[in-house]
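Trainee: I would like to test the labels on this model one by one. Can we set each value against its rule?

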Amino acid sequence: MGGNNPYIESTDTPLPVQAYKITFQPEGKTVEVDPTALPYSREGNPGSILDIAIGHDVDIDHACGGVCACSTCHVVFKAGFASCPDATEDEEDQLDNAPGLEETSRLACQAVPSGSEDVIVEVPNWNRNLVSEEH
Ligand code: FES
């Protein structure tokens, strides 16, 4: 899907300036992120965790299409949290609705790592498209 949410302040998150690795748990799939190849998909902010995941066949539920209007793309950083700019107020508002919120939780469609360090994110169990397909 992709696109913009007219109800939130638009963010111009800078793309990473150097290559880095991102690992998606629990699958353990690691992707080498090439800043010159971004965006990898049309989902979420360019260079976001969601953009990279969808571009590499890593399944992260994203009910609103990556426009910061739900919390289904919630992921938890296990490493590299500080390499992302702070969450906006709009992202924080959506995150408040995410089950299993942790200190290093972010919305995958909004968080764009700078590339200053490698990243490990965990996709929560309930967030792997299984939940929405079961109902
Ligand atoms: S996909 Fe809806 S907020 Fe990220």
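Mentor: What follows goes through the fold, the strand pairs, burial, the salt bridges and one pocket.

Mentor: Keep in mind that this is a predicted model.

Trainee: What makes up the chain, and in which order do the elements run?

Mentor: The chain has three helices and five strands. From the N terminus on, the order is β-β-α-β-α-β-β-α.

Trainee: How do you know that β1 and β2 pair?

Mentor: Two strands pair if DSSP finds at least two bridges between them. Strand β1 (residues 20–25) and β2 have five bridges, in the antiparallel sense. Therefore they count as paired, with five bridges set against a minimum of two. One bridge puts Y20 opposite V33 in β2. The hairpin of these strands has three residues between them, and there G28 takes a positive phi near 80 degrees.

Trainee: What makes β5 a partner of β1 and of β3?

Mentor: The bridge count again. Four bridges join β1 to β5, and these strands run parallel. Three bridges join β3 and β5, in the antiparallel sense. At least two are needed, so both pairs qualify.

Trainee: Which residues stand opposite V121 in β5?

Mentor: F24 stands opposite V121, and F77 does too. T23 stands opposite I120 in β5.

Trainee: Which residues of β5 are on the covered face, and which on the uncovered one?

Mentor: V119 and V121 make the covered face. I120 and E122 make the uncovered one.

Trainee: Why is V31 called buried?

Mentor: V31 is found in strand β2. Its relative accessibility is 4%. Buried means under 20%, so V31 counts as buried. The C-alpha atoms of V31 and I52 are 8.1 Å apart, with their positions 21 residues apart in sequence.

Trainee: Why is N45 called buried, and where does N45 lie?

Mentor: N45 lies in the loop between β2 (29–33) and α1 (49–55). The relative accessibility of N45 is 15%. That is under 20%, so N45 also counts as buried. N45 and A111 are 66 residues apart along the chain, and their C-alpha atoms are separated by 7.8 Å.

Trainee: What share of the chain is buried?

Mentor: Buried residues make up 46% of the 135 residues.

Trainee: Why is the contact of K78 and E122 called a salt bridge?

Mentor: The rule asks for a side-chain nitrogen of Lys or Arg within 4 Å of a carboxyl oxygen of Asp or Glu. For K78 and E122, the closest N and O atoms are 4.0 Å apart. The pair is counted as a salt bridge because it meets that cut-off. K78 lies in strand β3 (residues 74–79) and E122 in strand β5 (residues 119–122), so the pair ties together parts that are 44 residues apart in sequence.

Trainee: Why are K78 and E122 called partly exposed?

Mentor: K78 has a relative accessible area of 44%. E122 has 27%. Partly exposed lies between under 20% and over 50%, so both residues belong in that class.

Trainee: What makes E91 and R106 a salt bridge?

Mentor: Their side chains meet at 2.7 Å, N to O. The cut-off is 4 Å, so the pair passes. E91 is in helix α2 and R106 in strand β4, 15 residues apart. By this rule the count comes to two salt bridges.

Trainee: How do you know that R106 is buried?

Mentor: Its relative accessibility is 5%, and the limit is under 20%, so R106 counts as buried. E91 is buried as well.

Trainee: Which backbone oxygen does the side chain of R106 reach?

Mentor: The backbone oxygen of P85, at 2.8 Å.

Trainee: Which residues lie nearest the centre of the second largest pocket?

Mentor: F81, E92, E103, S105 and R106, out of 14 lining residues. About 190 Å³ of space lies in this pocket. α2 (89–95) and β4 (105–107) each supply at least two residues of the lining.

Trainee: How does the lining divide by class, and what number of residues is charged?

Mentor: Seven residues are nonpolar, one is polar and six are charged.

How values were computed. Residues are numbered from 1 along each chain as its sequence is written. This is a predicted model: local features need pLDDT of at least 70, side-chain atom pairs count only at pLDDT 80 or more; totals for chains, interfaces and linings use all residues. Side-chain values use heavy atoms; hydrogens and water are left out. Buried means under 20% relative accessible area, exposed over 50%, partly exposed in between (1.4 Å probe, protein chains only). On a 1 Å grid over the protein atoms alone, a cavity is a set of points where a 1.4 Å probe fits but cannot get out, and a pocket is an open set with protein on both sides within 12 Å along at least five of seven lines; lining residues have an atom within 4 Å of a point. Grid points are joined across faces, edges and corners, and a volume is the space filled by probe spheres set on the points. Ala, Val, Leu, Ile, Met, Phe, Trp, Tyr, Cys and Pro count as nonpolar, Asp, Glu, Lys and Arg as charged, and the others, Gly among them, as polar. A polar contact is a pair of N or O atoms within 3.5 Å; within protein, one must be able to donate a hydrogen and the other to accept it, and residues adjacent in sequence count only if both atoms are side-chain atoms.
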